[in-house]
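Thanks for coming. I will walk through one protein model this morning, starting with single residues and ending with the pockets.

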Amino acid sequence: MSNLTRWNPVSEFEDLINRYNRYFGLPTAGNGEREGKDLFRRNDWAPAVDIKETKEAFVIDAELPGMKKEDVKVTVHDGVLAIQGERRKEEETSDDRQHRVERVYGSFLRRFTLPDNVDEGSIRAEFKDGILSLTLTKVEPAEPKAIEVEVH
């Protein structure tokens, strides 16, 4: 009887990332499998978002705990909304002993393609209690123009 081995593409991808990290001298999985998976998942981060739609607008709520509004930038270019920023790690003192660090720090960038019925000029942003709330007002989509073609 032959053994059947299940193919796990995620495992092969993690192996590829570990080889890449070894090549550039970055931390790899080491002996503990769990340690490697944590490193793989935390190389970069992105804030969690909720997107909801009302009759008048789309609302995007991004979770940015511990950040200030000065650390966040919202831009719109060619129908793409971008939220970017950086969460900085607090200064450590010489008498601090960290036993576990689970919060992720560093830069992030989230991009969202806007639907055709969003008025890019009327996007409003609010920042309160670590939540960035963006309101994207809807407009009636422009009617397509028919062009009459003459045949000679």
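In which segment is lysine 138 found? It is the segment after strand 7, and that strand covers 131-137. Before going further, please note that this is a predicted model.

Staying with lysine 138, its side chain reaches the backbone oxygen of threonine 54 at 2.9 Å. Leaving out residues up to four places away in sequence, lysine 138 touches Glu53, Thr54, Lys55, Glu56, Ala57, Phe58 and Asn117. So threonine 54 appears both as the partner of that 2.9 Å approach and in the list of residues touched, under the general 4.5 Å cut-off for contact.

The next residue is aspartate 61, in strand 2, which spans residues 57-63. Is aspartate 61 buried or exposed? Aspartate 61 counts as buried, because its relative accessibility is 18% and the cut-off for buried is under 20%.

What joins the side chains of aspartate 61 and serine 133? A polar contact of 2.8 Å does. Serine 133 also turns up among the contacts of aspartate 61 once neighbours within four places in sequence are set aside. The others in that list are Ala48, Val49, Asp50, Lys52, Ile131 and Leu132.

Now the protein as a whole. There are two helices and seven strands. Along the sequence, the pattern is α-α-β-β-β-β-β-β-β. The protein has 152 residues, and 24% of them count as buried. Taking contacts between residues at least 6 apart in sequence, 51% join residues at least 24 apart. The exposed area is about 12,800 Å², with 48% of it supplied by carbon and sulfur atoms.

Last, the pockets. Rolling a probe the size of a water molecule over the atoms shows where empty space is left.

The largest pocket holds about 220 Å³ of space. Its lining consists of Pro65, Gly66, Met67, Lys68, Asp71, Arg87, Arg88, Glu90, Arg103 and Tyr105. Sorted by class, that lining has six charged, three nonpolar and one polar residue.

How many residues line the second largest pocket? There are 11, and those nearest its centre are Lys89, Glu90, Gln98, Arg103 and Tyr105. The volume of this second largest pocket is about 180 Å³. By class, its lining has eight charged, two nonpolar and one polar residue. Glu90, Arg103 and Tyr105 are named for both pockets.

That is the end of the walk-through.

Technical notes: Residues are numbered from 1 along each chain as its sequence is written. This is a predicted model: local features need pLDDT of at least 70, side-chain atom pairs count only at pLDDT 80 or more; totals for chains, interfaces and linings use all residues. Side-chain values use heavy atoms; hydrogens and water are left out. On a 1 Å grid over the protein atoms alone, a cavity is a set of points where a 1.4 Å probe fits but cannot get out, and a pocket is an open set with protein on both sides within 12 Å along at least five of seven lines; lining residues have an atom within 4 Å of a point. Grid points are joined across faces, edges and corners, and a volume is the space filled by probe spheres set on the points. Ala, Val, Leu, Ile, Met, Phe, Trp, Tyr, Cys and Pro count as nonpolar, Asp, Glu, Lys and Arg as charged, and the others, Gly among them, as polar. Helices (H or I, at least four residues) and strands (E, at least two) are DSSP runs, numbered from the N terminus. Buried means under 20% relative accessible area, exposed over 50%, partly exposed in between (1.4 Å probe, protein chains only). Accessible areas come from the Shrake-Rupley method with a 1.4 Å probe; for residues, only the protein chains shown count as cover. A polar contact is a pair of N or O atoms within 3.5 Å; within protein, one must be able to donate a hydrogen and the other to accept it, and residues adjacent in sequence count only if both atoms are side-chain atoms.
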